[in-house]
Amino acid sequence: MTFLDMLRNAGSQNQSMLCVGLDPEPNRFPAAMQGDASKIFDFCAAIVDATADLVNSFKPQIAYFAAHRAEDQLERLMAHMRAVAPHVPVILDAKRGDIGSTAEQYAKEAFERYGADAVTLSPFMGFDSVAPYLKYEGKGAFLLCRTSNPGGDDLQARTLADVPGNPKVFEHVAALAQGPWNLNGQLGLVVGATRPHEIERVREIAPTLPLLIPGVGAQGGDAVATVKAGLREHGSIIVNSSRAILYASSGADFAQAARAQAQATRETLQQAAREARG
C-alpha cells in the first residue's frame with residue numbers, strides 16, 4: 001500500500017484531517033518525566049496510544065530526538081506506531097535537502113532505518129536533491145513550499161523574472177511538484193496555516209497534491225480558514241498540530257488531555273469541511 005493509499009484510508013477510517021506532530025521537549029513533560037530525555041519514547045508512545053483513532057497521520061520531528069541522542073527511541077517509536085496503528089501513515093519531518101550520495105543516505109535513513117511512509121524535504125538544491133527519495137516505491141515526499149515563518153518571505157515570496165508568467169518562488173515550487181518533478185505521484189507540499197490565501201494559491205497551482213499544513217494550534221493558524229483554502233475533492237490536506245496537543249496538560253492526565261484536544265481539533269476541521277462543501 002502506498003503512502004497516498006494509507007493517507008486516504010486513515011482519513012476515511014478515522015474521519016480525520018488531523019496530523020499529530022511528535023515534537024518531544026523533556027522540559028515540558030509532566031512532573032514524573034520532566035527533564036528526563038530517557039522518557040521521550042514513553043511520552044510519545046502515550047500520545048500515540050491516546051490519539052491513534054483520531055488522526056490521518058503522525059509526524060515525528062527528527063531534531064527533537066537527535067538533540068537528546070534519542071534516535072534509538074525514535075526507532076522504537078516508529079515500531080510502536082506500526083504495532084498499535086498500522087493503518088496510520090508516519091511522516092518523518094526531517095527537511096533534508098542535499099544531492100548525490102548524501103541524499104541517497106538520507107533517503108535510506110528515512111525509509112529503511114526509520115521505516116517512514118513519507119518525509120519532508122527542502123527543494124532548494126533542485127530535482128536531484130529530491131530524486132533519490134522517489135526511488136522508494138510508494139513512499140511520499142513533501143517539499144517545503146510556502147512556510148509560515150516570517151523569514152519565509154526572504155526567498156519564497158521573491159518573483160522569478162526568467163520563468164514564464166514571473167511566478168513567485170513558492171508558486172514555481174508548487175508547479176514543479178504538480179508537474180515535471182512528480183514522476184510517480186509521490187510528491188506533496190508543505191504550506192503554513194498562517195497564510196490561508198497562499199494555501200488557496202498553492203491549491204490552484206497544485207489541485208491534486210496532498211498538502212501538509214503545519215501551524216494550527218500553538219502557532220496561531222486558523223483551522224477553519226485552512227480547511228476552506230486547501231481541501232478539494234481530489235486534493236487531500238494534512239493539518240498538523242503539535243504543541244497544542246502534546247502539552248494540553250502538564251499533569252499525569254497529559255495523554256487524556258491530548259486526546260481531548262485532538263478530538264476538539266478534529267471536529268473543528270470536520271465542521272470546516274462540511275461548511276466548505278456547502
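Reader: In this predicted model, what share of the chain's accessible surface belongs to carbon and sulfur atoms?
Author: Start with the total. The accessible surface of the chain is about 11,800 Å². Carbon and sulfur atoms hold this share of that area: 49%.

Reader: What radius of gyration does the chain have, and which value would a compact globule have?
Author: The chain has 278 residues. Its radius of gyration is 18 Å, which agrees with a compact globule of that length. The value for such a globule would be near 19 Å.

Reader: What box do the C-alpha atoms fill, and how much of the chain is buried?
Author: Along the principal axes, the C-alpha atoms fill a box of roughly 60 × 50 × 35 Å. Now take the 278 residues of the chain. The buried share of them is 53%.

Reader: How many helices and strands are there, and what share of the contacts joins residues 24 or more positions apart?
Author: The secondary structure comes to eleven helices and eight strands. For the contacts, take those with a separation of 6 or more. Residues 24 or more positions apart account for 72%.

Reader: How far apart are the mean positions of the positive and negative charges?
Author: The chain carries 26 positive and 30 negative charges. Take the mean position of each set. The two means are apart by 2 Å.

Reader: Where on helix α9 do its buried residues fall, and within what arc?
Author: Helix α9 spans residues 223-230, and its buried residues are A223, T226, V227, A229 and G230. Seen down the helix axis, these buried residues line one face, because they fall within an arc of 165°.

Reader: What covers those buried residues of α9?
Author: Two strands are part of the cover: β7 (211-213) and β8 (237-241). Helices contribute too. Among them are α8 (196-205) and α11 (254-276).

Reader: Is T226 buried or exposed, and which residues does T226 touch?
Author: T226 sits in helix α9. Its relative accessible area is 0%, under the 20% cut-off, so T226 is buried. G215 is eleven residues away in sequence, and the C-alpha atoms of the two are 9.8 Å apart. Leaving out residues up to four places away in sequence, T226 touches A193, I199, I213, V216 and V239.

Reader: How accessible is E200, and which residues does E200 touch?
Author: E200 lies in helix α8. Its relative accessible area is 37%, so E200 is partly exposed. A225 is 25 residues away in sequence, yet the C-alpha distance is 9.8 Å. Not counting residues up to four places away in sequence, E200 touches A229 and R232.

Reader: Which residues of helix α7 are buried, and what covers them?
Author: Helix α7 runs over residues 169-178. Its buried residues are F170, E171, V173, A174, L176 and A177. Their cover includes β5 (140-146), β6 (187-191) and α8.

Reader: Where is Q15, and what is its phi?
Author: Q15 is in the loop between α1 (3-14) and β1 (18-22). At 46% relative accessibility, Q15 counts as partly exposed. Q15 is not a glycine, but its phi is positive. The value is near 50°.

Reader: Which element holds K95, and what is its phi?
Author: K95 belongs to strand β3, residues 91-96. With a relative accessible area of 39%, K95 is partly exposed. K95 is not a glycine, yet its phi is positive. The value is about 50°.

Conventions. Residues are numbered from 1 along each chain as its sequence is written. This is a predicted model: local features need pLDDT of at least 70, side-chain atom pairs count only at pLDDT 80 or more; totals for chains, interfaces and linings use all residues. Side-chain values use heavy atoms; hydrogens and water are left out. Helices (H or I, at least four residues) and strands (E, at least two) are DSSP runs, numbered from the N terminus. The radius of gyration is taken over C-alpha atoms; the globule rule is 2.2 Å times the number of residues to the power 0.38. Buried means under 20% relative accessible area, exposed over 50%, partly exposed in between (1.4 Å probe, protein chains only). Contact means heavy atoms within 4.5 Å. Accessible areas come from the Shrake-Rupley method with a 1.4 Å probe; for residues, only the protein chains shown count as cover. Lys and Arg count as positive and Asp and Glu as negative; His and the chain ends are not counted. The place of a charge is taken as NZ of Lys, CZ of Arg, CG of Asp or CD of Glu. The arc is that of the directions from the helix axis to the C-beta atoms.
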